[in-house]
Amino acid sequence: MLRLESMATRPVRLCTLLLFISKQLIIAQSRGEEVRINTFSAERTPDGLVDLHIVGMFPMEGAWRGGQTIVPSMEIALAMINNRSDILPGYRLVMHWGNDKCLPGLGVHLMHTLVFSGATKLLVVGAGCSAVTQATAQVSHYWNLIQVGHERISNAIIQLKASRDELYKRR
């Protein structure tokens with residue numbers, strides 16, 4: 001059984017992680033350091049901000065419809081971050097999201113579609129279902145994307161991370 005406070009704090013914790021990753025990226029690029037994720041152009045929008053685009057994959061229907069609560073929470077959290085001038089000054093987080101329906105194949109297709117359409121995406125949030133997260137985590141690193149999730153239930157995801165960590169240690 002899920003505790004109510006954990007459901008309420010997940011978007012906040014996730015956005016905190018997004019902020020940390022985004023800020024580290026900005027700091028590294030401002031120092032001229034090589035950043036090992038997708039490159040993006042730091043072109044300012046007419047309002048003077050640089051948009052940092054992220055992908056979100058949330059189940060709005062299917063086996064678990066958690067996206068119906070996660071999406072509004074993420075939008076509120078991103079609005080709160082973007083409305084403060086002391087957090088990521090000069091930058092704005094923009095989320096492009098879609099409904100993965102808790103289907104792994106659809107999740108991979110959706111991630112590909114969202115990542116390769118429009119502006120360069122820096123990271124992926126999700127997916128909400130373990131099966132979709134497992135499938136997308138197996139391909140996101142090929143596109144040099146950071147993937148963060150708000151929930152992890154499946155032991156297969158833990159094992160995937162452990163095997164990937166071991167692979168990087170051998171390089």
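Which residue in β3 is the bridge partner of Val-55? In this predicted model, the bridge partner of Val-55 in β3 is Val-124. Val-55 has a partner in β2 as well, namely His-96. That makes Val-55 a handy place to start a walk through the fold.

The overall layout comes first. The chain contains five helices and four strands, and these follow one another along the sequence in the pattern α-β-α-β-α-β-α-β-α. Of the 171 residues in the chain, 42% are buried. Among contacts between residues at least 6 apart in sequence, 68% join residues that are at least 24 apart.

The four strands form an open sheet with the order β2-β1-β3-β4 and parallel pairing. The edges of the sheet are β2 and β4 (146-148), each of which pairs on one side only. On average, and with direction ignored, neighbouring strands of this sheet are turned by 25 degrees against each other. As a general reminder, strands of a sheet pair through backbone hydrogen bonds, in either a parallel or an antiparallel manner.

Strand β1 (residues 50-58) has a neighbour on each side in the strand order. Towards β2 (residues 91-99), nine bridges join the two parallel strands. The connection between β1 and β2 passes through helix α2 (residues 67-82), giving a right-handed β-α-β crossover. Besides the partnership of Val-55 with His-96, Leu-52 has Leu-93 as its bridge partner in β2. Towards β3 (residues 121-125), β1 pairs in the parallel sense over four bridges. Here Gly-56 stands opposite Val-125, and Val-55 is partnered by Val-124.

How many of the nine residues of β1 are buried? Nine of the nine are, so β1 is largely enclosed by the rest of the structure. Both faces of the strand are covered. On one side lie the buried residues Val-50, Leu-52, Ile-54, Gly-56 and Phe-58. On the other side, Asp-51, His-53, Val-55 and Met-57 are likewise buried.

Helix α2 lies across β1, β2 and β3, and runs at about 170 degrees to β2. This helix has 16 residues and reaches 21 Å from its first C-alpha to its last, close to the 22 Å expected at 1.5 Å a residue. The buried residues of α2 are Gly-67, Ile-70, Val-71, Met-74, Ala-77, Leu-78 and Ile-81. These residues sit on the same side of α2 because they cover an arc of only 135 degrees around the axis. On the other side of the helix, Ile-76 and Met-80 are exposed, a point that may catch the eye of anyone viewing the side chains of α2.

At the other edge of the sheet, strand β4 includes Val-148. Val-148 counts as buried because its relative accessibility is 7%, under the 20% cut-off. The C-alpha atoms of Val-148 and Leu-123 are separated by 7.7 Å, although the two residues are 25 apart along the chain. Ser-140, a residue of helix α4 (residues 130-140), is also worth a look. With a relative accessibility of 3%, Ser-140 counts as buried. Neighbours within four places in sequence aside, the contacts of Ser-140 are with Met-111, Leu-145 and Gln-147.

The loops hold some backbone details of their own. In general, most residues other than glycine have a negative phi, and most peptide bonds are trans. Against that background, the peptide bond from Gly-126 to Ala-127 is cis, with omega near 15 degrees. Ala-127 belongs to the loop between β3 and α4.

Two further cases come from the loop between β2 and α3 (104-115), where Lys-101 is found. Phi of Lys-101 is positive, near 55 degrees, in a residue other than glycine. Cys-102 lies in the loop between β2 and α3 too, and has a positive phi of about 60 degrees although it is not a glycine. Which of the terms buried or partly exposed applies to Lys-101? Lys-101 is partly exposed, with a relative accessible area of 34%. Cys-102, in contrast, is buried, with a relative accessible area of 11%.

How values were computed: Residues are numbered from 1 along each chain as its sequence is written. This is a predicted model: local features need pLDDT of at least 70, side-chain atom pairs count only at pLDDT 80 or more; totals for chains, interfaces and linings use all residues. Side-chain values use heavy atoms; hydrogens and water are left out. Two strands pair if DSSP finds at least two bridges between them. A crossover is right-handed if, with the strands pointing away from the viewer, the path from the first strand over the helix to the second runs clockwise. Axes are lines fitted to C-alpha atoms, for helices over the stretch in contact, and angles run from 0 to 180 degrees between N-to-C directions. Contact means heavy atoms within 4.5 Å. The expected span of a helix is 1.5 Å times one less than its number of residues. Buried means under 20% relative accessible area, exposed over 50%, partly exposed in between (1.4 Å probe, protein chains only). The arc is that of the directions from the helix axis to the C-beta atoms.
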